[in-house]
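Colleague: I am still learning to read protein models, and I would like your help with one. Could you take a close look at a single part and then show me what surrounds it?

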Amino acid sequence: SLKDVTRTHIETLYLLLDKQSGKSLQLQRDIKATISYDKLILGREQLQTDVQPQREELEIKIPGTYMFGTEPLQFEFSEIFFDGETEIIKFLENNIKNGENFYTKYFDCDKMKFTLRLRFRESGDFIAIDSTLKHKKLKSYFIDEKIPKELRSQIPLLAYGNHILWI
């Protein structure tokens, strides 16, 4: 209840607004305020003694359909065969330019030496951030994209070794 909230609590919250993301303070016995990028989150503090990073991992066989995560998401992998390079270019132009398949990604699996895995983040992960394949650590990418720290270990990733192909 708010009956015990005083002017001091409000002033302390105001000071918290100037702090960096991730900073928090205890307002009352079980009420916690946390800054998460451009948000002030107020809530009841939960014990986090048994919270562990996600360790689920699936080896991907193509074709295949997989359910993954604590709130299961469905991922579908399929093969597409082409007769020549011209056919591939036309297919990609039609599908990428239309923008209809925002969540559909295409990979040349014949060139891959490692197994594709659907998993959560691990130390050493990186992602190619542009067409020149310049890469960035996944942690830095999440920070730049303002993904709250507590959510980063819950985001499914398609990985090829430590190279993240899809978030």
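Is Tyr14 buried or exposed, and what is its relative accessible area?

Modeller: Happy to help! This is a predicted model, in which local features need pLDDT of at least 70 and side-chain atom pairs count only at pLDDT 80 or more, while totals for chains, interfaces and linings use all residues. Residues are numbered from 1 along each chain as its sequence is written, and side-chain values use heavy atoms, with hydrogens and water left out.

Now to your residue. Tyr14 is exposed, with a relative accessible area of 59%. Here buried means under 20% relative accessible area, exposed means over 50%, and partly exposed lies in between (1.4 Å probe, protein chains only). Tyr14 sits in helix α1, residues 7-16. Helices (H or I, at least four residues) and strands (E, at least two) are DSSP runs, numbered from the N terminus.

Tyr14 has company at the surface: together with Leu17, Leu40 and Leu42, Tyr14 makes a nonpolar patch of about 420 Å². Patches are built from residues with over 30% relative accessible area and no salt bridge; like charges are joined within 9 Å, and nonpolar side chains (Val, Leu, Ile, Met, Phe, Trp, Tyr) within 5 Å. The areas come from the Shrake-Rupley method with a 1.4 Å probe, and for residues only the protein chains shown count as cover.

Helix α1 also offers a charged pair. The side chains of Arg7 and Glu11 meet in a salt bridge, at 2.7 Å from N to O. A salt bridge is a side-chain nitrogen of Lys or Arg within 4 Å of a carboxyl oxygen of Asp or Glu. Side chains of opposite charge can pair when their charged atoms come close. Arg7 and Glu11 are four residues apart in helix α1, which means that about one helical turn separates them. Arg7 is exposed at 67% relative accessible area, while Glu11 is partly exposed at 40%.

Let us follow the patch to its other members. Strand β3 covers residues 39-44 and pairs with strand β2, residues 31-36, in the antiparallel sense over six bridges. Two strands pair if DSSP finds at least two bridges between them. Within this pair, Lys32 stands opposite Gly43 of β3. The hairpin has two residues between its strands. Tyr37 lies in that loop and has a phi near 55°, a positive value in a residue other than glycine. Tyr37 is partly exposed, with a relative accessible area of 25%.

Another positive phi, near 60°, belongs to Lys146, also a residue other than glycine. Lys146 is in the loop between α3 (138-144) and α4 (149-152) and counts as exposed at 53% relative accessibility. A further backbone feature is the cis peptide bond joining Ile62 and Pro63, with omega about 0°; Pro63 lies in the loop between β4 (57-59) and β5.

For contrast with your surface patch, look at the largest nonpolar core, with 11 residues in all, including Ile60, Tyr66, Phe68, Leu118 and Trp166. A nonpolar core is a set of buried Ala, Val, Leu, Ile, Met, Phe, Trp, Tyr and Cys residues joined through side-chain atoms within 4.5 Å. Strands β5 (64-68), β6 (73-77), β7 (116-119) and β10 (157-160) each supply at least two residues of this core.

The structure holds seven salt bridges. In one of them Glu122 joins Arg119, with the closest N and O atoms 3.9 Å apart. Arg119 is buried at 2% relative accessibility, whereas Glu122 is partly exposed at 36%. Lys136 and Asp144 meet at 2.5 Å, N to O, and Glu57, Glu59, Lys61 and Arg117 are linked in a network of salt bridges.

Finally, the whole chain. Its secondary structure comes to four helices and 11 strands, and 22% of its 167 residues count as buried. The accessible surface is about 13200 Å², of which 51% belongs to carbon and sulfur atoms. Among contacts (heavy atoms within 4.5 Å) between residues at least 6 apart in sequence, 46% join residues at least 24 apart.
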